[in-house]
Amino acid sequence: MTLLAIIIPYYKLNYFKATLDSLSSQTDKRFSVYIGNDCSPQNPEDLIQSYKGKFPIVYKRFENNLGGKYLTKQWDRCIELSAKEEWLMILGDDDTISENYVEEFYKNLKIAEEKNIQVIRFASKLIDEDGESISDLYINPELEPAATSYIRTLKGNGRSTLTEHIFSRKTYKKYGFKEFPVAFGSDNVAWLEFPEMREIFSINNAFANIRISRDHLSSKADYTLQKQRKQGIYQFNRYIIANYAKYFEIEDQFSILKKAYKNLRTSDRDIFKAVEFCCFIIIKIGLSRAMDIIKNNRN
């Protein structure tokens, strides 16, 4: 019985063969693959055809590009290609997964369901353009509250990408992906909302390879893109505080707001937002407490 849909929002051909190879190498083939082509100029159809019969594939080329402006809407329409599988995974078109990824998902599924888990996370590491590891393997606590996981990632002790997570269709339909500029933070917010601020279940003996390359969105030096990225970081951190502050300690709330503020200090036009930030934090935690925390976090 196939319970897992692997969704691939496609745009880049450069590393796509490695992505499909990692699916073809899975020791458990109980999954279906849904590929949504975001009107890419790089045609993947011949490559996809070569994998027919190795695992179920549904492919569609969309006639308009959505990812350039509304990346989460591209994720959504790719998910709409899927059938009724209970679990969903969004796999980057340049990422890969270990050959036991699907096998370990099914091995641990009963445990996750017994604990009413909605988000399953895997270990991960970074790879370069040649597929070579450029980081240690990120290992996660087996059970971790969503808020704790976010703060750990915020402090650089964890990761939070789409590829390393599998989530239930039920929770996706309930919350959906929130849209922020160039989708920066849309996945971070999902890993708070999809588990409903409860625990995330981690599998550490299978892993995702997250590719960092010149084509990677976060690697590009384009000024407009970087400005959109900063706006995205500001907006999603503000969203977290506005909606889920009660799940975080006061110091952690400040860290989240500080992260938001740091991504605004780029021009005189952001002075108003900086003032808004200061008012926001004072309202949230009180003037005296805010001043104490600010003194202890000057950098």
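1. Let's start with Cys 39 in this predicted model. With a relative accessibility of 23%, Cys 39 counts as partly exposed, because buried would require a value under 20%. Cys 39 sits in the loop that runs between β2 (31-37) and α2 (45-49). Look at its backbone too: the phi of Cys 39 is positive, about 50°, although Cys 39 is not a glycine. That is worth a second look, since most residues other than glycine have a negative phi.

2. Now compare another cysteine. Is Cys 78 buried or exposed? Cys 78 counts as buried, because its relative accessibility is 0%. You may wonder how many disulfides there are in the model. The count comes to 0 disulfides, where a disulfide would need a pair of cysteine sulfur atoms within 2.5 Å.

3. Asn 116 is another residue to find on your screen. Its phi is positive, near 55°, and Asn 116 is a residue other than glycine. Where does Asn 116 lie? Asn 116 is in the loop between α4 (101-114) and β6 (119-127), and its positive phi comes just after α4. With a relative accessible area of 43%, Asn 116 is partly exposed; the exposed class would need over 50%.

4. Step back from Asn 116 into the helix before it. Helix α4 has 14 residues. From its first C-alpha to its last, α4 reaches 20 Å, close to the 20 Å expected at 1.5 Å a residue. Even so, try following the helix by eye, and you should find a bend of about 45° at Asn 108.

5. Asn 108 is also one of the buried residues of α4. The buried residues of this helix are Tyr 101, Val 102, Glu 104, Phe 105, Tyr 106, Asn 108, Leu 109 and Ala 112. As you go through them, keep a simple rule in mind. An α-helix has 3.6 residues a turn, so residues three or four places apart point the same way. You can try the rule on Tyr 101, Glu 104 and Phe 105, which are among the buried residues of α4.

6. On the other side of the Asn 116 loop comes strand β6. How many of the residues of β6 are buried? The answer is 9 of 9, so β6 is largely enclosed by the rest of the structure.

7. Strand β6 has partners in β8 and β9. With β9 it runs parallel, and 8 bridges join the two strands. Within that pairing, Phe 122 has Ile 203 of β9 as its bridge partner, while Leu 126 stands opposite Ile 210 in β9. Strand β8 (residues 165-168) runs antiparallel to β6, with 3 bridges between them. To find the place, look for Ile 120, which stands opposite Ile 166 in β8.

8. Strand β9 (residues 199-211) is a good one to trace from end to end, and it has antiparallel pairings as well. Strand β5 (residues 96-97) pairs with β9 in the antiparallel sense over 2 bridges, and Ile 97 has Ala 208 as its bridge partner there. Strand β7 (residues 143-145) also pairs with β9 in the antiparallel sense, over 3 bridges. In that pairing, Leu 143 is matched with Phe 201 in β9. While you are looking at strands, remember that in a regular strand the side chains alternate between the two faces of the sheet.

9. There is also some empty space to look for. The structure holds 2 cavities of 30 Å³ or more, and the largest has about 70 Å³ of space. Which helix gives the largest share of its lining? That is α5, with 4 residues. Helices α5 (146-154) and α7 (186-193) each supply at least two residues of this lining. Among the lining residues are Arg 121, Ala 146, Tyr 150, Arg 159, His 165, Trp 191 and Ile 200.

10. Finally, go back to the helix that follows the Cys 39 loop. Glu 45 lies in that helix, α2. Because its relative accessibility is 36%, Glu 45 counts as partly exposed. Glu 45 and Tyr 59 are 14 residues apart in sequence, and their C-alpha atoms are 8.5 Å apart in space.

Methods:
Residues numbered from 1 in each chain as written. Predicted model: local features only at pLDDT ≥ 70, side-chain atom pairs only at ≥ 80, totals over all residues. Heavy atoms only, no water. Buried < 20%, exposed > 50% of the residue type's maximum accessible area, 1.4 Å probe, protein only. Expected span 1.5 Å × (residues − 1). Bend = angle between axes of the 7 residues up to and from the residue. Pairing = 2+ DSSP bridges. 1 Å grid on protein atoms, 1.4 Å probe; cavity = no way out; pocket = protein on both sides within 12 Å on 5 of 7 lines; lining within 4 Å. Points joined across faces, edges and corners; volume = space filled by probe spheres on them.
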